[in-house]
Amino acid sequence: MSLPAFGSPISLGDVLVELRNANANRGYPISLGDADVRALAGKPSGDISLTDLYGKSAVSALTVTGNNDSGHAASTYSAGSVSAYPSVTIAGGSGTKTIQWSILSTTNSVELLNANNAQCQVRRSYTKNSTGNAIAYLRCVVSDSTGTVTVDNIVADLQWEGNL
C-alpha cells in the first residue's frame, strides 16, 4: 500500500490512512510538519508539501528468510523420537501475519507439527538401537495485508544412532 502516484489528488486524510498502516494508533490532528509525516516524505526539515508524499509508503515490504535446523538423538537405550525446529524470520509488512508450513519432500517419513508458527517442528520416531536419518524439505508461506511470500527448501535434518 502506498499513497497515490504523482498527478492524482492527495490529502492529509490520505496521509493519515497511510500512516495508520504502520501505526494503528496514529490519530488526529495531522499536519505536514509532524515528525511521522516528514519521515514518510523523506524531508526531515525545510519546506514540505503534499507533492513530497506522492507514491510514499509507511510500510516496508514483507520479507521472509528461512532458517534450517537439525536434530540428533541416541537410540541406544530406548525407542523415542528426534526433532528439528526450522524457522522463518519475518520482517516488514503490515497487519496480522498468517504462517503455513508444509512438507515439499522427505527422504524418510516425518511428522510436521506447529505448522502455523514462525518455528515449526519436524519429528521422526525411531526404535531402540536403530540408526537412520531423515531430511525434510519444507515450504513456508507467510501472508499479511501487504501480500504473500513463499520460501521453499527450508531443511530439517534428523539423525538417530544406536550402539554409540
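This is a chat between a biologist and a modeller about the predicted model shown above.

Biologist: Hi! What is the average pLDDT of the protein chain?
Modeller: Hello! The chain averages 89, and 95% of the residues score at least 70.

Biologist: Nice. Where is confidence lowest, and where is it highest?
Modeller: The lowest mean, 80, belongs to helix 1, residues 12–22. The highest is 98, in strand 6, which covers residues 111–113.

Biologist: And what should I keep in mind where the score is low?
Modeller: Predicted coordinates should not be read in detail where pLDDT is low.

Biologist: Okay, new topic. I clicked on R38. Where does R38 lie?
Modeller: R38 is part of helix 2, which runs over residues 35–41.

Biologist: Is R38 buried or exposed?
Modeller: R38 is buried, and yet R38 has no salt bridge.

Biologist: Hm, which side chain of opposite charge is nearest to R38?
Modeller: That is D47, at 6.6 Å. A salt bridge needs a nitrogen and an oxygen within 4 Å, so the pair does not count as one.

Biologist: Which backbone oxygens does the side chain of R38 reach, then?
Modeller: One is the backbone oxygen of G46, at 2.7 Å. Another is the backbone oxygen of K43, which lies 2.9 Å from a polar atom of the R38 side chain.

Biologist: Which residues is R38 in contact with, if we skip its neighbours within four places in sequence?
Modeller: The contacts are L32, G33, K43, P44, S45, G46 and I48.

Biologist: Back to salt bridges. How many are there?
Modeller: The count is 4. In general, side chains of opposite charge can pair when their charged atoms come close.

Biologist: You mentioned K43 before. Which residue forms a salt bridge with K43?
Modeller: D52 does, with the closest N and O atoms 3.7 Å apart. D52 is partly exposed, at a relative accessible area of 22%, and K43 is partly exposed too, at 26%.

Biologist: What about K97, which residue is its partner?
Modeller: K97 pairs with D144, and their closest N and O atoms are 3.3 Å apart. This salt bridge links distant parts of the chain, 47 residues apart: K97 sits in the loop between strand 4 and strand 5, while D144 is in strand 8.

Biologist: Is D144 buried or exposed?
Modeller: D144 counts as buried because its relative accessibility is 12%, under the 20% limit. K97, at 28%, counts as partly exposed.

Biologist: Let's go to strand 6. Which residue does E111 form a salt bridge with?
Modeller: E111 pairs with R123, with the closest N and O atoms at 2.9 Å. The two are 12 residues apart, E111 in strand 6 and R123 in strand 7.

Biologist: Q121 is in strand 7 as well. Which side chain does the side chain of Q121 make a polar contact with?
Modeller: The partner is the side chain of Y85, at 3.4 Å. Q121 counts as buried, with 12% relative accessibility, and its contacts further off in sequence include E111, L112 and S83.

Biologist: Last one! How many residues are in the largest nonpolar core?
Modeller: That core has 23 residues, and those with the most contacts inside it are W101, V122, L138, C140, I154 and L158. Strands 3, 5, 7, 8 and 9 each supply at least two of its residues. Apart from it lies another core of 11 residues, including V37, L40, I48 and Y54.

Technical notes: Residues numbered from 1 in each chain as written. Heavy atoms only, no water. pLDDT = per-residue confidence, 0-100. Helix = DSSP H or I, 4+ residues; strand = E, 2+ residues; numbered from the N terminus. Buried < 20%, exposed > 50% of the residue type's maximum accessible area, 1.4 Å probe, protein only. Lys, Arg positive; Asp, Glu negative; His and termini not counted. Polar contact = N/O pair within 3.5 Å; in protein donor to acceptor, adjacent residues only side chain to side chain. Contact = heavy atoms within 4.5 Å. Core = buried A, V, L, I, M, F, W, Y, C linked by side-chain atoms within 4.5 Å.
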